[in-house]
Amino acid sequence: MTNSNKTALISILKDSSYNLLLFAQEDIKALESKIKIVKNKPYVNCIIREREVQLKPEEVVRQLYAAKLINDYGYPKKRVGFEHSVQFGRETKSADIVVFDQDRPTVEYIIVEVKKPKLKDGKDQLKSYCNATGAPIGVWLNGGQISHYNRKDPNFFEDITDIPKADQTLEDILKERFTWRELIVKDALLNDRITLKAKIEDMEDEVLANAGVDVFEEVFKLIFTKLYDEHKSHQDRAVINYFLKKKNLPMVAEPAAAYGKAKERSFDDVKAALGQVDDSSFRLLEFRNTGQTDAQLKEKIQRLFNEAKKKWPGVFPGESRIDLSPSHLSICVSSLQDVKLFNSNLQVIDEAFEYLVSKSSKGEKGQYFTPRHVIDMCVKMLNPQRGEYMIDTASGSCGFTVHTIFQLTGHLFENTEISAEEKDDVLKVFGIDFDEKVVRVARTLNLIAGDGETNVLHLNTLDYDRWNEKVNNPDWRDTYGAGFRRLEALKADRNSNKEFLFDILMANPPFAGDIKESNIIHKYDLGFNEKKKPKSKVGRDILFIERNLDFLKPGGRLAIVLPQGRFNNTSDKDIREFVADKARILAVVGLHGNTFKPHTGTKTSVLFLQKWDSKLCPKNDDYPIFFGVSEKSGKDNSGDYVYVKNGDGKPKLDKYGHLIVDHDLHNHKGELPDGIAEAFIDWAKKEKLSF
């Protein structure tokens with residue numbers, strides 16, 4: 001045998017589904033230093049079996065986790081076994097790692113599964129082992145993700161934050177003090193590198209599919225309630241921010257630094273610093289399963305939900321209740337309790353709601369939640385200022401409105417009280433959508449970002465003559481009346497819902513399907529052909545172009561996502577001429593074909609306009625236009641996000657603990673090279689554009 005410490009574990013894991021995100025660098029280096037090469041294959045002396053074993057991907061993860069059990073959790077080697085036999089009738093299988101009971105050395109206490117690199121496969125295998133042995137605790141990991149479970153009975157496995165250390169009991173883990181500080185440090189999405197969508201899919205597999213409830217409604221109630229529980233700890237968050245600022249590790253919005261000039265502050269630095277925070281006076285988070293009975297837990301969560309409905313009215317009816325059974329609710333709460341929902345942007349929540357809403361009719365109407373990096377590019381390019389009025393006429397989950405609020409107030413989605421002056425700016429931001437489900441999602445996010453008030457309205461933007469039917473409905477008025485009154489104040493003509501006086505409009509209207517209702521088509525110039533005869537059908541997005549221009553005052557600016565064909569189809573020449581007559585074309589940004597995957601591969605572009613105005617934008621037939629083409633979409637061909645990685649191959653986290661989407665639309669506050677937005681800003685300054 002020849003010794004070699006040059007073999008990197010990452011090279012052994014290459015082309016496998018395993019990785020090393022969960023393990024500390026010193027543990028990785030310690031294992032690498034013990035590698036011996038035999039016939040060009042890596043071997044190591046097993047930490048438990050004390051004999052040479054070949055280091056295949058699964059074995060790498062097993063050796064590192066066994067070292068963690070011994071060094072971090074304090075389990076003696078004699079309580080840990082590998083390849084432990086589990087009997088299934090006449091068949092015998094092997095559990096990867098077993099920790100035995102302290103007092104009964106042959107009884108299984110914790111079973112660890114590393115064979116199956118995908119969560120669903122691994123969890124199914126793990127459940128079968130726990131059920132066969134009676135082990136109360138199970139762990140699945142693949143080196144990049146980890147899940148811990150408490151087996152309540154053969155059908156229900158509840159997520160737990162961690163496994164007990166050798167000197168702890170399961171009850172110690174369940175009853176552990178859990179504050180805002182702990183939620184930051186133990187946020188499951190960051191530590192396990194998983195999405196909220198994946199958590200919900202897991203809950204569906206476990207309980208929701210057979211729970212006899214509306215999955216969207218029940219998950220929405222839980223997210224709504226958890227957001228409220230986190231909101232109640234906003235004062236603790238302020239204490240933590242003050243502490244981190246003194247350590248030069250602030251988790252609050254700061255001016256963007258130039259790419260490469262931003263101080264390197266990894267989220268690991270933030271977590272290490274938080275270990276010094278005394279949280280003994282912090283509020284205990286309530287959205288947690290702390291070992292009480294299922295019935296007691298349901299009573300606690302229902303009470304929190306009732307409080308949340310009072311704090312943020314107009315999302316759920318006052319009498320609504322959580323419909324999940326106590327046992328099903330217990331599993332769902334355990335699954336969500338370690339997820340931090342308040343973060344620097346809304347991608348975490350958006351992905352989850354996009355998945356839930358797509359189960360209804362959303363996708364059929366060609367309306368998809370706009371990726372946050374596309375939204376941020378538009379906001380940067382149109383540059384909303386305090387005092388300006390902004391609207392999204394096809395608002396979906398309100399990405400454009402909430403990110404405009406971030407721009408105006410300097411606050412991200414981070415559980416912060418806003419001042420009266422900031423609230424005044426927030427109430428100049430509006431959203432309209434015809435899908436009642438997404439309006440409720442959007443209102444939730446806007447209510448929180450806007451400190452309890454919002455202008456998100458359930459209306460059909462295109463069919464404005466029939467708005468009064470909604471307004472005259474007492475139930476609609478109770479929920480949306482205040483916002484609608486603020487909208488009415490911006491009418492160009494107080495007797496008509498057609499034209500408004502907004503400074504900025506940003507929208508991604510639905511572009512699937514045609515409008516065929518003649519009463520709607522007749523309202524629009526683009527509803528008639530060159531012979532002035534009404535068309536029998538018109539593309540939905542075409543009517544939105546005209547409608548959106550009606551919402552803007554002279555000099556107002558607009559960003560709209562459109563199918564690429566509108567820019568080059570010969571049959572759409574009349575649309576382009578209509579637009580050029582009404583507004584200056586500022587920019588066209590071609591988005592990558594993967595941008596809206598997995599929902600659609602339709603090639604899209606963002607059109608930026610400024611309405612002609614004698615002062616702000618004098619009419620001119622000859623002017624330059626900014627063109628940009630995105631070559632890096634931030635998604636792969638399957639529609640999954642692609643993230644920036646550190647030198648060690650791990651996904652890089654920004655200072656908020658966010659994964660950084662790898663795209664070229666803007667510079668992510670200095671984390672990425674300058675992108676299309678920054679190039680446009682430089683060009684706009686040279687062109688002396690009014691904004």
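The following questions and answers concern helix packing, aromatic pairs and selected residues in a predicted model.

Visitor: At what angle do the axes of helix H15 and helix H25 cross?
Guide: Two packed helices are described by the angle between their axes and the distance between the axes. Helix H15 covers residues 372–382 and helix H25 covers residues 676–687. Their axes come within 9 Å of each other, and they cross at roughly 10 degrees.

Visitor: How is the orientation of H15 to H25 classed?
Guide: The axes of H15 and H25 cross at roughly 10 degrees. Angles under 35 degrees form one class. H15 is therefore placed, with respect to H25, as roughly parallel.

Visitor: How many of the residues in the contact of H15 with H25 are charged?
Guide: On the H15 side the contact is made by Met-377, Lys-380 and Met-381, and on the H25 side by Ile-676, Ala-677, Glu-678, Phe-680 and Ile-681. Six of these residues are nonpolar and none is polar. The number that are charged is two.

Visitor: Which residues does Asn-667 contact, leaving aside its neighbours within four places in sequence?
Guide: Asn-667 is found in the loop between strand S20 (626–629) and H25. Its relative accessibility is 6%, and because buried means under 20%, Asn-667 counts as buried. With those neighbours left aside, its contacts are Lys-380, Leu-672, Pro-673, Asp-674, Gly-675 and Glu-678.

Visitor: Is Leu-382 buried or exposed?
Guide: Leu-382 is found in helix H15. Apart from neighbours within four places in sequence, Leu-382 is in contact with Ile-504, Leu-505, Met-506, Arg-557, Leu-558, Ala-559, Phe-608 and Phe-691. Its relative accessible area is 0%, so Leu-382 is buried.

Visitor: What separates the C-alpha atoms of Leu-382 and Asn-455?
Guide: Leu-382 and Asn-455 are 73 residues apart along the chain. Asn-455 does not figure among the contacts of Leu-382, which include Ile-504 and Phe-691. The separation of the two C-alpha atoms is 21 Å.

Visitor: What separates the C-alpha atoms of Ile-560 and Val-606?
Guide: Ile-560 is found in strand S17 (residues 552–563) and is buried, with a relative accessible area of 1%. Beyond its neighbours within four places in sequence, Ile-560 is in contact with residues including Ser-605, Val-606 and Leu-607. Ile-560 and Val-606 are 46 residues apart along the chain, and their C-alpha atoms are separated by 5.5 Å.

Visitor: Tyr-464 and Tyr-524 form what kind of aromatic pair?
Guide: A search of the whole structure finds 24 aromatic pairs. The ring centres of Tyr-464 and Tyr-524 are 6.3 Å apart and the ring planes stand at 85 degrees. Planes over 60 degrees apart meet the criterion, so this pair is edge-to-face.

Visitor: How many residues apart in sequence are the parts that the pair of Tyr-464 and Tyr-524 ties together?
Guide: Tyr-464 lies in the loop between strand S13 (456–458) and helix H19 (467–471). Tyr-524 lies in the loop between helix H21 (518–521) and strand S16 (538–539). Tyr-464 is buried, with a relative accessible area of 5%, and Tyr-524 is buried at 1%. The parts tied together are apart in sequence by 60 residues.

Visitor: Which residue lies over the face of Tyr-464?
Guide: The ring of Tyr-464 also pairs with that of Tyr-524. The residue over the face of Tyr-464 is at 5.8 Å from the ring centre, and is Lys-523.

Visitor: Trp-476 and Tyr-480 form what kind of aromatic pair?
Guide: Both residues lie in helix H20 (residues 474–488), four residues apart, about one turn of the helix. Both are buried. Their ring centres are 5.1 Å apart and their planes are at 40 degrees, so the pair is tilted.

Visitor: Which residues do ring pairs link into a cluster?
Guide: Trp-476 and Tyr-480 form a pair of rings, and both belong to the cluster. The linked residues are Phe-430, Trp-467, Trp-476, Tyr-480, Phe-484, Phe-500, Phe-502 and Phe-551.

Visitor: Is Asn-40 buried or exposed?
Guide: Asn-40 is found in the loop between strand S2 (36–38) and strand S3 (41–45). Its phi is near 65 degrees, a positive value in a residue other than glycine. With a relative accessible area of 76%, Asn-40 is exposed.

Notes: Residues are numbered from 1 along each chain as its sequence is written. This is a predicted model: local features need pLDDT of at least 70, side-chain atom pairs count only at pLDDT 80 or more; totals for chains, interfaces and linings use all residues. Side-chain values use heavy atoms; hydrogens and water are left out. Axes are lines fitted to C-alpha atoms, for helices over the stretch in contact, and angles run from 0 to 180 degrees between N-to-C directions. Helices (H or I, at least four residues) and strands (E, at least two) are DSSP runs, numbered from the N terminus. Angles under 35 degrees count as roughly parallel, over 145 as roughly antiparallel, 65 to 115 as roughly perpendicular and the rest as oblique. Contact means heavy atoms within 4.5 Å. Ala, Val, Leu, Ile, Met, Phe, Trp, Tyr, Cys and Pro count as nonpolar, Asp, Glu, Lys and Arg as charged, and the others, Gly among them, as polar. Rings of Phe, Tyr and Trp (its six-membered ring) pair if their centres lie within 6.5 Å; planes under 30 degrees apart count as stacked, over 60 as edge-to-face and the rest as tilted. Buried means under 20% relative accessible area, exposed over 50%, partly exposed in between (1.4 Å probe, protein chains only). A charge sits over a ring if NZ of Lys or CZ of Arg is within 6 Å of the ring centre and within 35 degrees of the ring normal.
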